[in-house]
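Trainee: I have a chain open and want to test the wording used for it. Can we go through it term by term?

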Amino acid sequence: MKRIAIFASGTGTNAEAIIKHFKKSDIIKVALVVSNKADAEVVLKAETNNIKVELVKDKNQLEATEFIDFLSNEKIDFIVLAGFLLLIPAKLIEAFPNKIINIHPALLPKYGGKGMYGKHVHEAVIKNREAESGITIHYVNEHFDEGEIIFKTSCAIDKGETIELLQKKINALELEHYAKVIEKLLQK
Ligand code: GRF
């Protein structure tokens, strides 16, 4: 059995889709949700689905030996970031080499980096009159949105596209693909 920890700070639509996707799997299990926001919707969603929740305060805690030992005691094999707003520190990356992935709501390397999250991304894409946007799933390194790309898929930007409509389209792509990509990676 491969055990996944999902790190998330927000609404948790991706986290919930991943939890549901693996609910009946005999080989992959979402064992833990880690969040830096106690009042985030994702925490409620995890609890509703009977997934253990671990709250963290800041980046320092993520690289503390206690936290890395905790993940090891929970037998975590793979870490999935789904809207997690803290930068992942080097020590945690070293403890999980090529075992931490992230999803970004645009076609990286464009529209990534610090401050490029949520509506800021879609706003910039529309402002620049891009013909398309999409999602990127990538390995995590010590810089925001810069690790090796695993999967990308795109959608067209319609005439008169709004931030809200684009966000919905992108979210639909995320919910369709993230769990499937995770499954493929873990079956390798
Ligand atoms: C998603 O758009 C994802 O691409 C980004 O953060 C957002 C999380 O949304 N990294 P949700 O909390 O899963 O609804």
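Trainee: Which residue just after α4 takes a positive phi?

Mentor: Lys-75 does, with a phi of about 55 degrees. Keep in mind that this is a predicted model.

Trainee: What makes Phe-67 and Leu-71 of α4 count as buried?

Mentor: Buried means under 20% relative accessible area. In α4, residues 65–73, Phe-67, Ile-68, Phe-70 and Leu-71 meet that cut-off.

Trainee: How do you know that the buried residues line one face of α4?

Mentor: Look down the helix axis. The buried residues of α4 fall within an arc of 155 degrees, so they line one face.

Trainee: Which exposed residues does the face turned away from the buried side carry?

Mentor: Glu-66 and Asn-73. Exposed means over 50% relative accessible area.

Trainee: What do the buried residues of α4 pack against?

Mentor: Strands β1 (2–7), β2 (28–35), β3 (52–55) and β4 (78–81), plus helices α3 (59–63) and α5 (90–95). Contact here means heavy atoms within 4.5 Å.

Trainee: How do you know that the radius of gyration agrees with a compact globule?

Mentor: Set the value against the rule. For 188 residues, a compact globule would have a radius of gyration near 16 Å. The chain has 16 Å, so the two agree. Of its 188 residues, 46% count as buried.

Trainee: How many helices and strands are in the chain?

Mentor: There are 7 helices and 7 strands. From the N terminus they run β-α-β-α-β-α-α-β-α-β-α-β-β-α.

Note on methods
Residues numbered from 1 in each chain as written. Predicted model: local features only at pLDDT ≥ 70, side-chain atom pairs only at ≥ 80, totals over all residues. Heavy atoms only, no water. Buried < 20%, exposed > 50% of the residue type's maximum accessible area, 1.4 Å probe, protein only. Helix = DSSP H or I, 4+ residues; strand = E, 2+ residues; numbered from the N terminus. Arc of directions from axis to C-beta. Rg over C-alpha atoms; globule rule 2.2 N^0.38 Å.
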